[in-house]
Structures are given as structure tokens and as C-alpha cells.
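Student: I have a structure open on my screen and would like to understand how its parts fit together. Could we go through it step by step?

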Amino acid sequence: VKSTDIGQNVSDRNPRTLLGTDKEGNTLVLMCIDGKRTASSSSIGATLDEAIELLKAEGVYNAMSLDGGGSTCMLVNGQEVIKGSDGSQRYVASTVMMK
């Protein structure tokens with residue numbers, strides 16, 4: 001699949017939420033790309049093509065791009081390590097959780 005085949009704003013830099021597996025399906029990769037904090041921030045997000053290259057670099061073969069933008073945040077052991085670009089967590093209809 002080419003990034004141009006799937007929706008709008010694929011060439012915009014945005015926070016991204018991605019998950020995927022290696023070719024054998026043995027390794028799961030969860031990836032959040034931070035972005036759009038402030039004009040002075042180094043968190044610039046990624047285009048979908050850049051996100052695909054990052055996934056490939058991690059050995060990901062099958063992947064999904066989930067809701068991004070202000071919905072992208074990550075908690076590890078209950079601690080927010082990637083904050084939503086809106087400044088707070090959003091209410092979302094679904095999440096990916098690992099234990």
C-alpha cells in the first residue's frame with residue numbers, strides 16, 4: 001500500500017500511532033510519534049511515509065496506522081510518556097492496551 005492510497009493529510013507532519021508485527025508475527029511493535037506541541041518544540045511529528053520508514057527500520061512487516069493527531073498519547077505503567085498534542089488526553093472510542 002502506498003501512503004497516497006489512504007486518505008487525506010498523509011504528507012502532513014502529525015503525531016502518529018502505529019502498530020505492527022515482524023514477518024513471522026512473533027514480535028509486536030507499538031509506536032507513537034510525538035508532534036505538534038509548540039512552535040519551539042523539536043517534536044514535529046511525521047508524514048505517513050516517514051512513519052512507514054521508521055516501522056521498516058524496526059523490522060515491521062505488517063502494520064496499521066491508528067488514529068493520530070491529538071489522539072496520539074502513550075502511557076507506560078500509568079505514566080504519560082507521550083502527551084496528546086491538544087495538551088491533555090482525549091476521550092477516544094478505542095485503545096490498545098498491553099499487560
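Student: In what order do the three strands of the open sheet lie?
Tutor: Keep in mind that this is a predicted model. Strands of a sheet pair through backbone hydrogen bonds, either parallel or antiparallel. Here the pairing is antiparallel, and the order is E2-E1-E3.

Student: Which strands are the edge strands?
Tutor: Look for strands that pair on one side only. In this sheet, that description fits strand E2 (28-33) and strand E3 (62-66).

Student: Which residue in E2 is the bridge partner of Leu 19?
Tutor: Strand E1, residues 16-21, runs antiparallel to E2, and six bridges join the pair. Follow the bridge from Leu 19 across to E2 and you arrive at Leu 30.

Student: Where does helix H1 lie, and at about what angle does it run to E2?
Tutor: H1 covers residues 48-57 and lies across E1, E2 and E3. Its buried residues pack against those three strands. Relative to E2, the helix runs at about 145°.

Student: Why do the buried residues of H1 lie on the same side?
Tutor: The buried residues are Leu 48, Ala 51 and Leu 55. An α-helix has 3.6 residues a turn, so residues three or four places apart point the same way. In H1, these buried residues share a side because the arc they cover around the axis is only 55°.

Student: Which exposed residues does H1 carry on the face turned away from its buried side?
Tutor: For a residue to count as exposed, its relative accessible area must be over 50%. On that face of H1, the exposed residues are Lys 56 and Ala 57.

Student: How many residues does the largest nonpolar core have?
Tutor: In soluble globular proteins, nonpolar side chains tend to be buried together. E2 and H1 each supply at least two residues of this core. Its members include Val 29, Met 31 and Ile 33, along with Leu 48, Ala 51 and Leu 55, and the full count is ten.

Student: Why is there no bond between the sulfurs of Cys 32 and Cys 73?
Tutor: A disulfide needs two cysteine sulfur atoms within 2.5 Å. The sulfur of Cys 73 is the closest cysteine sulfur to that of Cys 32, yet the two are too far apart for a bond, at 7.2 Å.

Student: Is Cys 32 buried or exposed?
Tutor: Buried means under 20% relative accessible area. Cys 73, at 24%, counts as partly exposed. Cys 32 has a value of 17%, so this residue is buried.

Note on methods. Residues are numbered from 1 along each chain as its sequence is written. This is a predicted model: local features need pLDDT of at least 70, side-chain atom pairs count only at pLDDT 80 or more; totals for chains, interfaces and linings use all residues. Side-chain values use heavy atoms; hydrogens and water are left out. Two strands pair if DSSP finds at least two bridges between them. Helices (H or I, at least four residues) and strands (E, at least two) are DSSP runs, numbered from the N terminus. Contact means heavy atoms within 4.5 Å. Axes are lines fitted to C-alpha atoms, for helices over the stretch in contact, and angles run from 0 to 180 degrees between N-to-C directions. Buried means under 20% relative accessible area, exposed over 50%, partly exposed in between (1.4 Å probe, protein chains only). The arc is that of the directions from the helix axis to the C-beta atoms. A nonpolar core is a set of buried Ala, Val, Leu, Ile, Met, Phe, Trp, Tyr and Cys residues joined through side-chain atoms within 4.5 Å.
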